[in-house]
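Visitor: I would like a close look at the aromatic rings in this structure. Please describe how they are arranged and what surroundings they have.

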Amino acid sequence: MGGIPMAIAIAQLAITAASIAKQQEAQRAQIAQSNKIAQENARLANESYKNSMAQIAEKNRALKAAENQQLEQAGNLALEQEVEALKATGTSITASGEAGVEGISPGMQISDLERQSINNLNAINRNLDTSLGNIGRQRKNLAFSADSAYYSALNQVNSMQMQRPFDPMAGALQYASGALDAGTTYYKLGGRYSKDKGFYTEKV
């Protein structure tokens, strides 16, 4: 029989197997914990992204309301200006027809009123363009914020990747390596094997 070399090789193999089993258990626990942390990180990233997008959507609705308000206000001002211009023109024509206007012809007076009306309308349009321009810039900033929120969440998720489960093949290779080491120890201590003798010890 193999005697002492066999006993030593078996003990080495048992110790190696126990060590490998413990390592594999620790690896499984570490992978499970890492994946749990990665899942929580992904959940938080998604939650943060949804909150950011909700805030952006609310700001965009406010901008849309402000835009509609500016358009409505400008339209009302323009209409009021046109009505006032017509009234002033009518008053001027009536006054010039009834009593005449010394030094200023009715045509010149009406032209002045029309020019003033056009200037007022242009001022209304300029103010509207300024307001809409500001709203447009704010809307572009919201689009930029949306992109930033997306890539921030993506980077946060990618910072902690899920790990693959423990590979049984890798465990089998570890056991095979341990068995090979035990066999090497057995051989170095003089252990031999043949079909005729089986396991036996040879002096080294």
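Guide: The following account treats the aromatic pairs and then turns to the nonpolar core. The model is predicted. It holds 2 aromatic pairs. In one of them, Tyr49 and Tyr150 meet edge-to-face, with 6.2 Å from centre to centre and 70° between the planes. Because planes over 60 degrees apart count as edge-to-face, the angle of 70° places this pair in that class. The contact links distant parts of the chain: Tyr49 belongs to helix H1 (residues 3-98) and Tyr150 to helix H2 (residues 106-158), and 101 residues separate the two. Tyr150 also pairs with Tyr151, again edge-to-face, at 5.1 Å centre to centre and with 75° between the planes. Ring pairs thereby link Tyr49, Tyr150 and Tyr151 into a cluster.

As to solvent exposure, Tyr49 has a relative accessible area of 26% and is partly exposed. Tyr150 is likewise partly exposed, at 41%, and Tyr151 is partly exposed at 48%. Since a residue must lie under 20% to be buried, none of these values, 26% for Tyr49, 41% for Tyr150 and 48% for Tyr151, meets that limit.

The largest nonpolar core consists of 5 residues, namely Ile56, Leu63, Ile135, Leu142 and Ala146. H1 and H2 are the elements that give two or more residues to this core, and H2 supplies the largest share, 3 residues. Within this core, Leu142 touches Ile56 and Leu63, and Leu142 also touches Lys59 and Asn60, leaving aside residues up to four places away in sequence.

Note on methods
Residues numbered from 1 in each chain as written. Predicted model: local features only at pLDDT ≥ 70, side-chain atom pairs only at ≥ 80, totals over all residues. Heavy atoms only, no water. Phe/Tyr/Trp six-rings, centres within 6.5 Å; stacked < 30°, edge-to-face > 60°. Helix = DSSP H or I, 4+ residues; strand = E, 2+ residues; numbered from the N terminus. Buried < 20%, exposed > 50% of the residue type's maximum accessible area, 1.4 Å probe, protein only. Core = buried A, V, L, I, M, F, W, Y, C linked by side-chain atoms within 4.5 Å. Contact = heavy atoms within 4.5 Å.
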